[in-house]
Amino acid sequence: MNSDVDHASAGSPLAQMLAKVATGDRSAFEEIYRRTSVKLFGVCLRILPVRQEAEEALQEAYLSVWQRAGSFDAARGSAMTWLITLTRNRAIDRLRAKGKITTAPVELADEVPDPEPDAASLIEASQDERRLAHCLGTLDGGDAGLIRRAFFEGLTYADLAARASAPLGTVKSRIRRALLKLRECLS
């Protein structure tokens with residue numbers, strides 16, 4: 001069964017093109033590049049997240065393909081596996097040679113906007129929530145529930161009246177009185 005795989009691998013278009021590249025066939029090399037560069041660039045980007053570094057590693061990998069195409073052995077694996085391994089090794093070599101990827105100075109991070117609220121805003125919001133919860137707790141019976149459903153859940157007064165089986169005017173009056181009490185408590 002392995003010999004079938006080996007035969008199939010050796011007969012694959014990529015393997016045939018690698019054999020031609022080993023003899024110096026530039027058009028076969030161009031065809032290999034056209035068929036594999038996107039995938040091999042992805043391999044480089046996974047190892048080297050800086051695009052320029054990944055592009056240079058890919059260039060080194062294709063230089064190695066040009067120089068070492070004759071060392072491809074279909075009995076050891078497919079042509080694509082050989083290309084991926086060679087590319088991966090070039091990217092890792094580049095990563096090791098650099099020691100670490102150069103990054104922008106940390107001071108530039110100050111200019112990056114942060115959509116999240118800062119710590120002071122979070123504390124203030126937390127205090128406001130506690131005050132509101134306290135004041136809602138001081139409201140009569142179901143008035144706090146009416147306020148929560150109307151203003152936090154978005155129910156209309158008509159929906160609230162239907163749920164409470166109460167006239168719409170009564171619900172509006174209860175909410176108005178509750179809001180006045182809340183304003184007094186929060187001030």
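**Exercise 1. Decide whether R94 is buried or exposed, and find its surroundings.**

Solution. Begin with the value for the residue itself: R94 has a relative accessibility of 14%, so it counts as buried, since the cut-off for a buried residue is under 20% relative accessible area. The structure used here and in every exercise below is a predicted model. Next, place the residue in the chain, where R94 belongs to helix α5. Finally, list what surrounds R94, leaving aside neighbours within four places in sequence: the residues in contact with R94 are L48, E53, E56, A57 and E60.

**Exercise 2. Place K98 in its helix, classify its accessibility, and relate it to E53.**

Solution. K98 is also a residue of helix α5. With a relative accessible area of 43%, K98 is partly exposed, because that class lies between the limits of 20% and 50%. For the relation to E53, compare sequence with space: K98 and E53 are 45 residues apart along the chain, while their C-alpha atoms are 10.0 Å apart.

**Exercise 3. Describe the secondary structure and the overall figures of the chain.**

Solution. First count the elements, which come to 9 helices and 0 strands, and then read them in order along the sequence to obtain the pattern α-α-α-α-α-α-α-α-α. Turning to burial, 29% of the 187 residues in the chain are buried. The accessible surface comes to about 12,700 Å², and carbon and sulfur atoms hold 53% of that surface. As a last step, consider the contacts with a separation of 6 or more, of which 60% are between residues 24 or more positions apart.

**Exercise 4. Find the largest nonpolar core and the helices that build it.**

Solution. A useful starting point is that nonpolar side chains tend to be buried together in soluble globular proteins. In this model the largest nonpolar core contains 27 residues, and L18, I32, V65 and L83 have the most contacts inside it. The elements that contribute two or more residues to this core are α2 (13-22), α3 (26-47), α4 (51-68) and α5 (79-98). Apart from this core lies another one, of 14 residues, which includes A144, L146, A161 and L182. To look more closely at one member of the largest core, take V65, which, with neighbours within four places in sequence left aside, is in contact with L18, V21, F29, W82, L83 and L86.

**Exercise 5. Explain why the buried residues of α2 line one face of the helix.**

Solution. Start by naming the buried residues of α2, which are L14, A15, M17, L18 and V21. Then look down the axis of α2: these buried residues fall within an arc of 160 degrees, and therefore they line one face of the helix. To complete the description, follow the chain beyond this helix to G24, which comes after α2 and has a positive phi, near 95 degrees.

**Exercise 6. Describe how α3 packs against α4, and examine S37 in that contact.**

Solution. Two packed helices are described by the angle between their axes and the distance between the axes. For α3 and α4 the angle is about 145 degrees and the axes are 10 Å apart, and the crossing in which α3 passes α4 is right-handed. On the side of α3 the contact includes F29, I32, S37 and L40, whereas on the side of α4 the residues include L58, Y62 and V65. Now consider S37, which is found in helix α3 and is buried, with a relative accessible area of 12%. Leaving aside neighbours within four places in sequence, the residues in contact with S37 are I32, L58 and Y62.

**Exercise 7. Compare the accessibility classes of A178, A164 and S165.**

Solution. Take A178 in helix α9, where a relative accessibility of 1% makes this residue buried. A178 touches L139, D143 and I147, not counting residues up to four places away in sequence. Next comes A164, a residue of helix α8, which counts as partly exposed at 40% relative accessibility. The C-alpha atoms of A164 and L146 are separated by 9.2 Å, with their positions 18 residues apart along the chain. Last is S165, found in the loop between α8 (157-164) and α9 (168-186), and at 69% relative accessibility S165 counts as exposed. Its backbone deserves a final remark, for phi of S165 is near 50 degrees, a positive value in a residue other than glycine.

Definitions and conventions:
Residues numbered from 1 in each chain as written. Predicted model: local features only at pLDDT ≥ 70, side-chain atom pairs only at ≥ 80, totals over all residues. Heavy atoms only, no water. Core = buried A, V, L, I, M, F, W, Y, C linked by side-chain atoms within 4.5 Å. Buried < 20%, exposed > 50% of the residue type's maximum accessible area, 1.4 Å probe, protein only. Helix = DSSP H or I, 4+ residues; strand = E, 2+ residues; numbered from the N terminus. Contact = heavy atoms within 4.5 Å. Arc of directions from axis to C-beta. Areas by Shrake-Rupley, 256 points an atom, 1.4 Å probe, with all protein chains shown as cover. Axes fitted to C-alpha atoms, helices over the stretch in contact; angles between N-to-C directions. Left-handed = near helix turned anticlockwise from the far one by under 90°.
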